[in-house]
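The following exercises are to be worked with the sequence and the three-dimensional model side by side. Please attempt each task before reading its solution.

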Amino acid sequence: MPDWRLPLSDLDFGPEEMAAVQRVVQSRWLSLGPEVRAFEEEFAALQKAHHAIAVANATAGLHLAFLALKLEPGDEIIQPALNFVATANMTIAARATPVFADIVDVCEPTIDPGHVANLLTPRTRAVVVMHYGGNVGRMAELTELCRERRVALVEDACHALGVPYRDPSQRAPHGVMAGSIGDVSAFSFFANKNVATGEGGMVVTNRDDLAERVRLLRSHGMSSLSWDRHQGHASSYDVLLHGYNYRLDEIHAAIGRAQLAKVMRNNERRRRLLGAYHQGLRGLPGWAMPFADRIADSAGHLMVAVAPTPEVRNKAVAGLRHARIQTSLHYPCIPDFKAFAAWPGETVKLSREFTARAISLPLYPAMTETQVGDVCQALAGAL
Ligand SMILES: *Cc1c(COP(=O)(O)O)cnc(C)c1O
């Protein structure tokens, strides 16, 4: 691994996470138990949702969300072409068909409700929105569209933990959080996310029927957990559904609780750094900053800039690499992957343009504004 002077992301781990791990080790109970339950309750409270169900990772969570919706083979799930591949892979795992929609604009890279409306067919069963970089998608239009056509709205909320949703149309209930708006959503605690446990995820829903199915499917479809039996609350079990083992364990949950306690403060730090970046890159000719006027409403998961051309972007990537500053691309377009050749995205022109011109820059809570200045200077120097 190159010795990065500034990595793309970095953990905010300290004595709290160490103490959390130690607490579990000392308790001598490792699999789903009181830490997971407490993490779920604290997560549901922060996200203002009825149900939060901890899972092994967000990919498992998306799989369970699709299964809970009782999709049939051939059912279509409209989803962004510009996303991490997990949603598309889990669509296939649920034996459904992905239908790829474009983004609104290179400066608003979330799913375009107008394009979704054009892609709806009688086989459409769900629409997925991904809150890119922690910036909430067009939920008012999507909610209305999905309600009208009686299809489920699923949020890939992996970037958007702790984000109050400000509805420009004022139709959403006041104080609702991103990831608690649609029928069901998934959050990730992968190492680079705003809450990091290594592996880990959360399914969130306000629907009791979906919560019950997700809880069963998470643990083999079994009617009781070994923790319940250990506690004497049950002595046997039945298998009610054909499920999986997608459980989170106590160590990850305990780390998650320590991380969750810091997320609102850390999101604020991320927003401040985003502001410094936007200030520092303002003078670059032809560059654009997605969601530039909405930093206050963002989880600040990613710092992404859009170059005037793919050539300029590639030059910036090479120059920053030379300065030992790590960059990334969120994301290559899914229909352009070999494994998705059978689901062509002919109509995702803006997603492809974004993929060719975007660059993700270092962003993490402990980063300083001076370091942001360094990156901006190195980027300008590379051009
Ligand atoms: C991280 C991420 C995922 C996958 O999360 P895992 O917990 O690693 O399975 C899915 N979608 C998006 C948008 C992500 O950022």
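The exercises below treat the sheet, two helices, the ligand site and the cysteines in turn.

This is a predicted model, in which local features need pLDDT of at least 70 and side-chain atom pairs count only at pLDDT 80 or more, while totals for chains, interfaces and linings use all residues. Residues are numbered from 1 along each chain as its sequence is written, and side-chain values use heavy atoms, with hydrogens and water left out.

**Exercise 1. The sheet**

Determine the order of the strands in the open sheet of 7 strands, and explain what sets β1 and β3 apart.

Solution. Begin with the definitions. Helices (H or I, at least four residues) and strands (E, at least two) are DSSP runs, numbered from the N terminus. Two strands pair if DSSP finds at least two bridges between them.

Step 1. The order is β1-β9-β8-β7-β6-β2-β3, and the pairing is mixed.

Step 2. β1 (51–55) and β3 (97–101) are the edge strands; each has a single partner, so one side of each has no neighbour in the sheet.

Step 3. From one strand to the next, the twist averages 20°. The axes behind such angles are lines fitted to C-alpha atoms, for helices over the stretch in contact, and angles run from 0 to 180 degrees between N-to-C directions.

Step 4. Now follow the pairs. Strand β2 (residues 76–80) runs parallel to β3 and is joined to it by 5 bridges. β2 also pairs with β6 in the parallel sense, over 3 bridges. E76 has T97 as its bridge partner in β3, and E76 stands opposite T124 in β6.

Step 5. β6 and strand β7 (residues 152–156) pair in the parallel sense over 5 bridges, where A126 has A152 as its bridge partner in β7. In strand β6 (residues 124–130), 6 of the 7 residues are buried (under 20% relative accessible area; exposed is over 50% and partly exposed in between, with a 1.4 Å probe and protein chains only).

**Exercise 2. Helix α7 and the loop after it**

Describe where helix α7 lies and what covers its buried residues.

Solution. Step 1. Helix α7 (residues 208–218) lies across β1, β8 (184–188) and β9 (201–205), and runs at about 20° to β1.

Step 2. Its buried residues are L210, A211, R213, V214, L216, L217 and R218. Their cover includes α2, β1, α3 (58–68), β8 and β9.

Step 3. S219 is placed in the loop between α7 and α8 (226–230). S219 counts as buried because its relative accessibility is 4%. Apart from neighbours within four places in sequence, S219 is in contact (heavy atoms within 4.5 Å) with L225, Y244 and R247. H220, which follows α7, has a positive phi near 65°.

**Exercise 3. Helix α9**

Explain why helix α9 is described as largely enclosed.

Solution. Step 1. Helix α9 (residues 250–260) has 8 of its 11 residues buried, so the rest of the structure largely encloses it.

Step 2. The buried residues are E250, A253, A254, I255, G256, A258, Q259 and L260. They pack against α1 (15–27), α2 (34–46) and α10 (263–281).

Step 3. At the start of α9, a side-chain oxygen of D249 comes within 2.9 Å of the backbone nitrogen of I251. This is a polar contact (a pair of N or O atoms within 3.5 Å; within protein, one must be able to donate a hydrogen and the other to accept it, and residues adjacent in sequence count only if both atoms are side-chain atoms).

**Exercise 4. The ligand site**

Identify the residues that come nearest to the ligand, and the atoms of D156, S188 and Y331 that approach the ligand.

Solution. Step 1. Of the 15 residues around the ligand (each with a heavy atom within 4 Å of it), A58, T59, D156, S188 and K193 come nearest.

Step 2. An N or O atom in the side chain of D156 is 2.9 Å from a nitrogen atom of the ligand.

Step 3. An N or O atom in the side chain of S188 is 2.7 Å from an oxygen atom of the ligand. A polar side-chain atom of Y331 lies 3.2 Å from an oxygen atom of the ligand.

**Exercise 5. The cysteines**

How many disulfides are there?

Solution. Step 1. A disulfide is a pair of cysteine sulfur atoms within 2.5 Å. By this rule the count is 0.

Step 2. For C333, the nearest cysteine sulfur, that of C107, is 16 Å away. C333 is buried, with a relative accessible area of 2%.

Step 3. For C376, the nearest cysteine sulfur, again that of C107, is 17 Å away. C376 is buried, at 7%.
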